[in-house]
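Here is a short tour of a structure, written to be read with the coordinates open beside you. Please have your viewer ready before we set off.

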2 protein chains.
Amino acid sequence: MTTNIDPRLDTSRVIRADRGTEITAKSWLTEAAKRMLMNNLDPEVAEHPQSLVVYGGIGRAARNWECYDKIIEVLNRLENDETLMVQSGKPVGVFKTHENAPRVLIANSNLVPNWANWEHFNELDKKCLMMYGQMTAGSWIYIGSQGIVQGTYETFVAMANQHFGGSAKGKWVLTGGLGGMGGAQPLAATMAGFSALVVECDETRIDFRINTRYVDKKAKTLDEALIIINEANAKGEAISVGLLGNAADVFPELVKRGITPDVVTDQTSAHDPLNGYLPQGWTMEHAAQMRLKDEAAVVKAAKQSMAVQVQAMLDLQKMGAATTDYGNNIRQMALEEGVTNAFDFPGFVPAYVRPLFCEGIGPFRWVALSGDPEDIYKTDAKVKELIPDNPHLHNWLDMARERIAFQGLPARICWVGLKDRARLALAFNEMVKTGELSAPVVIGRDHLDSGSVASPNRETESMLDGSDAVSDWPLLNALLSTSGGATWVSIHHGGGVGMGFSQHSGVVIVADGTDDAAKRIGRVLWNDPATGVMRHADAGYDLAVDCAKKQGLDLPMIDGANGK
Amino acid sequence: MTTNIDPRLDTSRVIRADRGTEITAKSWLTEAAKRMLMNNLDPEVAEHPQSLVVYGGIGRAARNWECYDKIIEVLNRLENDETLMVQSGKPVGVFKTHENAPRVLIANSNLVPNWANWEHFNELDKKCLMMYGQMTAGSWIYIGSQGIVQGTYETFVAMANQHFGGSAKGKWVLTGGLGGMGGAQPLAATMAGFSALVVECDETRIDFRINTRYVDKKAKTLDEALIIINEANAKGEAISVGLLGNAADVFPELVKRGITPDVVTDQTSAHDPLNGYLPQGWTMEHAAQMRLKDEAAVVKAAKQSMAVQVQAMLDLQKMGAATTDYGNNIRQMALEEGVTNAFDFPGFVPAYVRPLFCEGIGPFRWVALSGDPEDIYKTDAKVKELIPDNPHLHNWLDMARERIAFQGLPARICWVGLKDRARLALAFNEMVKTGELSAPVVIGRDHLDSGSVASPNRETESMLDGSDAVSDWPLLNALLSTSGGATWVSIHHGGGVGMGFSQHSGVVIVADGTDDAAKRIGRVLWNDPATGVMRHADAGYDLAVDCAKKQGLDLPMIDGANGK
Ligand SMILES: NC(=O)c1ccc[n+]([C@@H]2O[C@H](COP(=O)([O-])OP(=O)(O)OC[C@H]3O[C@@H](n4cnc5c(N)ncnc54)[C@H](O)[C@@H]3O)[C@@H](O)[C@H]2O)c1
Ligand SMILES: NC(=O)c1ccc[n+]([C@@H]2O[C@H](COP(=O)([O-])OP(=O)(O)OC[C@H]3O[C@@H](n4cnc5c(N)ncnc54)[C@H](O)[C@@H]3O)[C@@H](O)[C@H]2O)c1
């Protein structure tokens, strides 16, 4: 849906990163930044590349095409002791630093809090004084849908571990929504061993996901869907079904029938009641018309239906289902409609992801600058070799290779923690050095990670000590990544949950096979997850305190984790 | 006014930084951080040192005494390739970095914007999960009242330059308030060559300022005051008078009499209508009683009087006086009381300080770690030698030496810009190297500076392009100072104007006389003011664009200032 209203649209632009070992920049560090910026705008990767939009609404890679061209120009001429400053997608200055400093420093979408809302942002954005960086869009480390599949997979694996003794065999998930992100649910669920029943009101979405093998079957009635699920479960197999219907009808129907799924969640676009959620009893066409005629009526009807759905989620939770909010703000909407106990089921981070964050485990990822898929396959094998005892991880690597096509430069994501990130990255650097890999690799992560984000409605919801809104942590994280010698570092505002609701930082480092890179990698990719362990230990999580002790972190105010 | 309500109060604590050349830390870099933290809590320097409060309301140097002790302990053991992380005054981690990275990284009072208000902050502060860092309190580079005298002096000098051809001879300032900060006005005014009539309703404040020689004369009637001013002006001399009275009475009286001061401003505590401004017709005692009985009535009466005063300021402006808001928010209060054109007179930053910021000129300061005043006097002489052609600066240095007592470690502030900061600092480093100075010096600045703050009601009010609220700039500034190898770097929220209204960064670097320090100084103290020139050039200020060109900055999107 590339629209013409954006003055930044340039339909003549088709960007694709260079491949191979010839470089036009003065070093692999700056070549890497350039290729990754370009890769973010590869039509295979970005949602609306000709408007510079990478993903997540209007998450951009550069402010406009003039800025994009200038960034490329500067990256081609940047010296090894210079640093480029990028302010909301615009290259504003080049300064002398030193060889162990980052080559690029990025700040995107940051606003003084009292003005940190969409209205003020949009005003600045329209005047082209700003850009929305989302998380990995403006920090040049987006790798397509593999990221969301992996994040969802990890959540389902955590559910299996927490509720079902590590095995999802014979268990099933009820959820809603097969959209851009939600479409990852059925694939991630079956990868994790769950069957999945996904209610989706738009048949074209179901068909699209069937065609790309993210969903196994389509059903038009609940009975039909339940038969498929039950059969698979009986055989101990995992299957996914897209059920054409309205989640606000189907969820209560299960309550009425006394049928309890093992896991219940939702990924309709409840965060946007005007455009993202179909009210009960409405057809898609009626909703489309009503949006033009009476916005308030649509919002009202949508929120009422969400309240019905959330009530059913609460009922299913009482009946024994592990119920969780998957970051679409549906609890808030239901609360506003009078479901006073809407927040009785937890968000997915406090429920499932936080224990991972306590050990610095999060969305670690890397990209082969060569463009050669073989480079990634070799790193896959290296990961298995270095982490031999993690079947979920091996399963992920196998399934990802088999089921998820590369988009743009070949890349891999896998959730690993403090104890593994630097180790893996050093091994990759060694593989570059020996020539086992055909070119350097870029190593980074999502901003949704252990030590890099403050986001009280998502990543830092319900922190043990109530420090959800304290954003000193991601800022310190960015300063430390800079101090260690990351290749580029970014500080963003508003990613994921929108303006006003989050602050977060990004880090990317290049493994070019040199000994200097190894030193930097050893510091940066150790310190980065370590700040996550530190942040959670400081908040009082035992798991994090234990991890800090085991890994020998030096946390002066934590008894026994002082390292000295 | 040390109160007992603060659980952080420990009356057994009396902190004073070590002097001399013996150090207990492992290097001068960490010794410097330690001495500067201690110096911020010196009873000569801090307002309520035993509660760790340095200045500016509750601006603290460390979260509590336990954290303070631990910071000192860590600074004593920190290695030259390690970095201490301080999160809102708490030492949370020590990480391996490298010799050219900062030794300390600080983030104070940062909150995710939607929660960035005093209510939420106070909740966290009470639970001891946070601390208010103000600007230089939590970043360990406060130097007592010299800073505010100098800032006010620079503003008056800028007024003289802009309105009176560079000479304030025979000109006079009308203002209000002789409190903690406002008390600097008469001294700064006479230093800059203006006479000053300061209306103050509390006689004890006038007497205090007379005793410390900040004010020359006291008057009890307007007639008396005007005679003193007129006589001095006739002789071409500058004199200051504290007039006992209410500004809301005196300002309109001048309008009525048709008397036009050359400059009009105000520093009553208008930002706090309950406690900071005496309503017309009230005695101090009556106000004190009313504050206990009926807060709303006090606020109402105070704001009504402020409206009267602002109306008079607008009238005096029309009559030809250069009228400006000095950062006490009195315009906002009057606006809320119906003075719809209250913002017709400008804030002091857009009116007078911004041209300085365009050239990277701001509150550069340094401290003699030896504790020896002679070290400062020698640097004073060095500044004069290296900047021979700036009479205002020489005047400031002479007057400061004569009239302003050192507080804590001897220190000096002077406003210099991009073209001078690194030069001066390198000369100081050389003086340490040759032994001309008896010990290293610490070099830093206020956060109220050219490239280090986003604060739409003060430092970034009315930016040419409307980018007042964009806080990418101070964050980039902090990342760049970190990249260059500053000794400590900080990112704060809420300094000056309070929670929600500002984001800013600090930088401090140690001149220990080594060649390595010289390299770091050359980068950091060039880049820091350069980001200010960059930020203002980006906003479209010609002065900044010219400065960037003249100084050879590399600003890729500014025509002709690209450096290549
Ligand atoms: N882990 C996270 O925190 C995370 C990650 C990504 C997305 N999200 C959230 O998940 C939600 C979905 O994201 P997306 O990118 O897939 O959005 P999307 O708009 O692309 O997809 C939403 C889908 O829900 C369907 N739908 C709407 N109302 C329905 C109803 N009543 N019954 C059944 N189906 C209905 C729509 O037809 C659409 O296919 C968003 O709210 C997003 O913010 C959270
Ligand atoms: N440059 C800046 O932006 C900057 C710097 C420092 C302070 N400030 C602002 O300046 C103001 C003063 O700061 P301070 O630390 O001196 O405050 P303070 O409270 O110590 O002093 C205020 C003084 O004003 C007097 N006063 C109150 N009402 C009066 C009236 N009606 N008439 C005459 N005198 C009256 C009080 O008796 C008191 O002495 C504050 O609002 C502060 O925020 C601005």
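What follows looks at a ligand site and then at an interface between two chains.

Please keep in mind throughout that this is a predicted model.

**The site of ligand 2**

Let us begin with the surroundings of ligand 2. There are 26 residues around this ligand, and those that come nearest are B:M181, B:G182, B:E200, B:S269 and B:H271. By class, the shell divides into nine nonpolar, 13 polar and four charged residues.

Which atoms of B:A247, B:Q267 and B:H271 pair with ligand 2, and at what distance? The table sets out these polar contacts.

| Residue | Atom of the residue | Atom of ligand 2 | Distance |
|---|---|---|---|
| B:H271 | polar side-chain atom | oxygen | 2.6 Å |
| B:A247 | polar backbone atom | nitrogen | 3.0 Å |
| B:Q267 | polar side-chain atom | oxygen | 3.1 Å |

B:H271 thus appears twice in this picture, being listed among the residues that come nearest and also placing a polar side-chain atom 2.6 Å from an oxygen atom of the ligand. On its own, ligand 2 has 870 Å² of accessible area, and the protein covers 85% of that.

**Where chain A meets chain B**

Now for the interface. Here 77 residues of chain A are in contact with 77 residues of chain B. The area buried between the two chains is about 6,400 Å², and carbon and sulfur atoms give 67% of it. On the side of chain A, the residues that lose the most area to chain B are A:F95, A:L479 and A:M557, which together account for 11% of what that side buries.

Polar links cross the interface too. The count is 26 residue pairs in polar contact between chain A and chain B, and the rule finds four salt bridges across the interface.

Which elements of chain A give two or more residues to the side that touches chain B? They are the helices α2 (65-77), α3 (118-126), α16 (472-484) and α17 (515-538), together with the strands β3 (82-87), β4 (90-96), β5 (104-108) and β16 (488-493). Among these, α16(A) gives the most, with 10 residues. The residues on this side of chain A divide into 39 nonpolar, 25 polar and 13 charged.

**One salt bridge between the chains**

Over all chains, the structure holds 64 salt bridges. One of them joins the side chains of A:R77 and B:D554, at 2.9 Å from N to O. This pair crosses between chains, running from A:R77 in helix α2 of chain A to B:D554 in the segment after α18 (542-550) of chain B.

Note on methods:
Residues are numbered from 1 along each chain as its sequence is written. Chains are lettered from A and ligands numbered from 1 in the order in which they are written. This is a predicted model: local features need pLDDT of at least 70, side-chain atom pairs count only at pLDDT 80 or more; totals for chains, interfaces and linings use all residues. Side-chain values use heavy atoms; hydrogens and water are left out. A residue is near a molecule or strand if one of its heavy atoms lies within 4 Å of it. A polar contact is a pair of N or O atoms within 3.5 Å; within protein, one must be able to donate a hydrogen and the other to accept it, and residues adjacent in sequence count only if both atoms are side-chain atoms. Accessible areas come from the Shrake-Rupley method with a 1.4 Å probe; for residues, only the protein chains shown count as cover. Ala, Val, Leu, Ile, Met, Phe, Trp, Tyr, Cys and Pro count as nonpolar, Asp, Glu, Lys and Arg as charged, and the others, Gly among them, as polar. Contact means heavy atoms within 4.5 Å. Buried area is the accessible area (1.4 Å probe) that two parts lose on being put together, summed over both. Helices (H or I, at least four residues) and strands (E, at least two) are DSSP runs, numbered from the N terminus.
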